[in-house]
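Student: I would like to go through the charged and aromatic side-chain contacts of this protein. May we begin with the structure itself?

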Amino acid sequence: MEVKQRLIDVDELWELYRQNDNDALSYELIEGVLIEMSGPGGVHGRIAIRLGRFLDEFVEARGLGNVTAETGYHPAGNRYTLLIPDVAYVSYLRQPEPFPDKWIPTMPELAIEIRSSSNTLSELRDKAELYLRYGAELVWIVQPAEHSVEVWRKRADGAFTSQVLRRSDSLSGENVLPGFALDLSRVFRQARLRPA
C-alpha cells in the first residue's frame, strides 16, 4: 500500500511561518513538499548584501522595479511551489500592484542563489532549472569558496545552459538588466571585521 504525503500550498506555508517560533529555520516548497533551509552564515550574508546593493542602486536609478532579499516567489497559478532566492530582481512590469506583504505570485526575472555549506551544487543547479522553468530569465549561482558564479539561462528551444564566470570576469544583466555590469572582484573582496 502506498502512503501519500500530504501536500501543502503557499497559503498554508505562510500560516506556518506566522506560527513558527524558530526564526533560524525557513522553508521552500517544491511541488507541495516542504524543503527545510538553514539560516545563512557570515560570508553568505556579506555577498548577498553586496550583490543586493549593486543591483538595487542600478534598478532604483532607472526606475525598473524592486530588488529583494530572502523573499518568497511562486509561479502565477501554481500554489505548490515557492522559492526563496537570496537576492532577486522583479520588474514593475512583472510584479503585482500593490507590492505584496506576502509571497510574490510571479517568478523574478533574476534570481540569485549563494552556495552555503548546507547546499550541494547539484541542489542549486536543480533549483536554477526550477526558476527558469517557472519564468525567471536569468539565475546566478554564487560559489564563494571558488570565487565563481554560474550563470544560468533558458534557450529558445527550452534547454538550460550555464556558463562559469571567475573572479577576473564581469557579471552582466544581459537582456534582463541591460547595461548592468559588475566586476566579480568587487563581490568576492575579503570582508574585514574592523577598519585597518
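Tutor: Please note that this is a predicted model. Glu28, Glu113 and Lys127 are joined in a network of salt bridges, and that network is a suitable place to begin.

Student: Within that network, how far apart are the N and O atoms of Lys127 and Glu113?

Tutor: Lys127 belongs to helix H3 (residues 121-133) and Glu113 to strand S5 (residues 110-114), so their pairing ties together parts that are 14 residues apart in sequence. The side chains of Lys127 and Glu113 meet in a salt bridge, with an N to O distance of 3.0 Å.

Student: Is Glu113 buried or exposed?

Tutor: A residue counts as buried under 20% relative accessible area. Its partner Lys127 has a value of 9% and is buried. Glu113 has a relative accessibility of 4% and is therefore classed as buried.

Student: How many salt bridges does the structure hold?

Tutor: Side chains of opposite charge can pair when their charged atoms come close. Asp157 and Arg155 provide one example, their closest N and O atoms being 2.7 Å apart. For the structure, the number of salt bridges is eight.

Student: Which residue forms a salt bridge with Asp11, and where does that residue lie?

Tutor: The closest N and O atoms of this pair are 2.5 Å apart. Asp11 lies in helix H1 (residues 10-19), and the partner is 68 residues apart from Asp11, in the loop between strand S3 (65-69) and strand S4 (87-91). Asp11 is partly exposed at 38% relative accessible area, and the partner is partly exposed at 33%. That partner is Arg79.

Student: Turning to the rings, what is the angle between the planes of Trp14 and Trp103?

Tutor: The count of aromatic pairs comes to three. One of them joins Trp14 in helix H1 to Trp103 in the loop between S4 and S5, 89 residues apart. Planes over 60 degrees apart count as edge-to-face. Trp14 and Trp103 are edge-to-face, with centres 4.9 Å apart and an angle between the planes of 90°.

Student: Which residues do ring pairs link into a cluster?

Tutor: Phe58 and Phe180 form an edge-to-face pair, 5.3 Å centre to centre with 80° between the planes. Phe58 lies in helix H2 (residues 42-62) and Phe180 in the loop between strand S9 (170-172) and strand S10 (181-183), so this pair ties together parts 122 residues apart in sequence. Both Phe58 and Phe180 are buried. The cluster consists of Phe58, Trp140 and Phe180.

Student: Which residue lies over the face of Phe58?

Tutor: The residue in question is 3.7 Å from the ring centre of Phe58. It is Arg62.

Notes
Residues are numbered from 1 along each chain as its sequence is written. This is a predicted model: local features need pLDDT of at least 70, side-chain atom pairs count only at pLDDT 80 or more; totals for chains, interfaces and linings use all residues. Side-chain values use heavy atoms; hydrogens and water are left out. A salt bridge is a side-chain nitrogen of Lys or Arg within 4 Å of a carboxyl oxygen of Asp or Glu. Helices (H or I, at least four residues) and strands (E, at least two) are DSSP runs, numbered from the N terminus. Buried means under 20% relative accessible area, exposed over 50%, partly exposed in between (1.4 Å probe, protein chains only). Rings of Phe, Tyr and Trp (its six-membered ring) pair if their centres lie within 6.5 Å; planes under 30 degrees apart count as stacked, over 60 as edge-to-face and the rest as tilted. A charge sits over a ring if NZ of Lys or CZ of Arg is within 6 Å of the ring centre and within 35 degrees of the ring normal.
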